[in-house]
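Student: I've got this model open and I'd like a close look at one part of it, the charged pairs and the helices that carry them. Could you walk me through that part and then place it in the rest of the chain?

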Amino acid sequence: MVSSNFARFAFLQLKPQHMYNLLRRTLWIALFGFFSTSLFAQGDQAPHGWQFMDKKTSGFNGISLDKAYDFLKSKKLKSKTVIVAVIDSGIDTTHEDLRSVEWHNPYEIAGNGVDDDQNGYIDDIYGWNFLGGKDGRNVEDDSSEGARIYHGLRSKYEGKDPSTMNLSKEEKEEYELWKRAEQTVVGDSKVSG
């Protein structure tokens with residue numbers, strides 16, 4: 001979502017000649033990428049689990065999982081429980097490979113709508129989504145490029161008439177960008193400047 005909003009705003013700033021040059025360059029890059037991946041690919045189709053394989057033993061650039069596992073076994077180390085925080089777009093807490101090894105907050109009762117462990121987060125069974133709202137759901141629009149532009153320039157342009165302001169060429173372009181961002185973020189519910 002972030003990149004598509006950014007692309008929309010950036011694309012609207014291009015003049016026809018710049019757009020033509022950009023499209024031509026993009027086409028050449030795409031063609032080069034297609035042919036280079038075709039020439040240097042590791043075969044027609046990667047085998048299942050290629051990401052775990054080893055370049056020397058299988059010819060596929062994976063993480064050498066078996067080699068790492070054999071190394072750890074040879075050291076006869078005692079295993080320890082490790083809690084991993086996922087800093088990404090989230091995980092599927094119902095996934096069959098993750099369900100049995102997911103960390104569960106032992107002080108929280110699922111689905112009761114109460115902050116049982118009194119840490120400020122209601123029903124934080126698997127941790128918390130800090131990009132989300134108070135209810136834990138994702139807040140996607142507030143994280144978009146349009147929202148960043150709108151909120152970043154709001155104090156400069158909101159409620160102001162650009163015809164009464166002495167704006168430079170760059171500031172006029174910036175104002176137009178802000179107006180497009182405002183339309184995307186706020187929509188027709190609010191009209192300013």
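Tutor: Let's start with a small network: Lys156, Glu171 and Glu174 are joined to one another by salt bridges. Keep in mind that this is a predicted model, so every value below is computed from predicted coordinates.

Take one link of that network. Glutamate 174 and lysine 156 meet through their side chains in a salt bridge, 2.8 Å from N to O. Lysine 156 sits in helix H5 and glutamate 174 in helix H6, so this pair ties together parts that are 18 residues apart in sequence. How buried or exposed are the two partners? Glutamate 174 has a relative accessible area of 25%, which makes it partly exposed. Lysine 156 is partly exposed as well, at 32%. As a general point, side chains of opposite charge can pair when their charged atoms come close.

Now for the two helices behind that link. H5 and helix H6, which covers residues 169-185, pack with their axes 8 Å apart and at an angle of about 120°. That angle makes H5 oblique to H6, since the roughly perpendicular range stops at 115 degrees and roughly antiparallel starts over 145. As for handedness, the crossing of H5 and H6 is left-handed.

H5 has a charged pair of its own. Arginine 148 and glutamate 145 form a salt bridge through their side chains, with 2.4 Å from N to O. Where do they sit relative to each other in helix H5? They are three residues apart in that helix, so about one helical turn separates arginine 148 from glutamate 145. Their surroundings are worth a look too. Arginine 148 is exposed, at 52% relative accessible area, whereas glutamate 145 is buried, at 12%. The cut-offs behind those words are over 50% for exposed and under 20% for buried, so the 52% of arginine 148 puts it on the exposed side.

Another pair to check is glutamate 158 with arginine 154. Their salt bridge has its closest N and O atoms 3.4 Å apart, and the cut-off for counting a salt bridge is 4 Å. Glutamate 158 is partly exposed, with a relative accessible area of 25%. Arginine 154 is also partly exposed, at 33%. By this rule, the count of salt bridges comes to seven.

Now let's zoom out. The protein has six helices and zero strands, so the pattern along the sequence reads α-α-α-α-α-α. How much of the protein is buried? Of its 193 residues, 15% count as buried.

Next, the loop between H4 and H5. A nonpolar surface patch of about 350 Å² is made by Val86, Ile91, Leu98 and Val101. Among these, isoleucine 91 lies in the loop between helix H4 (65-74) and helix H5 (145-157), and at 45% relative accessibility it counts as partly exposed. Valine 86 is found in the loop between H4 and H5 too, and it is partly exposed with a relative accessible area of 48%. Valine 86 also has a long-range relation you can check by distance: its C-alpha atom is separated by 9.9 Å from that of asparagine 129, and the two residues are 43 apart along the chain.

That loop between H4 and H5 also holds aspartate 123. What stands out in its backbone is phi, which is near 55°, a positive value in a residue other than glycine. Aspartate 123 is partly exposed, at 23% relative accessibility.

Serine 64 tells a similar backbone story: it has a positive phi of about 55° although it is not a glycine. You'll find serine 64 in the loop between helix H3 (55-58) and H4. Serine 64 is buried, with a relative accessible area of 15%.

Last stop, tryptophan 50, in the loop between helix H2 (16-40) and H3. Is tryptophan 50 buried, exposed or partly exposed? Its relative accessibility of 40% makes it partly exposed. Tryptophan 50 and asparagine 61 are 11 residues apart in sequence, with 7.5 Å between their C-alpha atoms.

Key:
Residues numbered from 1 in each chain as written. Predicted model: local features only at pLDDT ≥ 70, side-chain atom pairs only at ≥ 80, totals over all residues. Heavy atoms only, no water. Patch = residues over 30% accessible without salt bridge, like charges linked within 9 Å, V, L, I, M, F, W, Y side chains within 5 Å. Areas by Shrake-Rupley, 256 points an atom, 1.4 Å probe, with all protein chains shown as cover. Helix = DSSP H or I, 4+ residues; strand = E, 2+ residues; numbered from the N terminus. Buried < 20%, exposed > 50% of the residue type's maximum accessible area, 1.4 Å probe, protein only. Axes fitted to C-alpha atoms, helices over the stretch in contact; angles between N-to-C directions. Parallel < 35°, antiparallel > 145°, perpendicular 65-115°, else oblique. Left-handed = near helix turned anticlockwise from the far one by under 90°.
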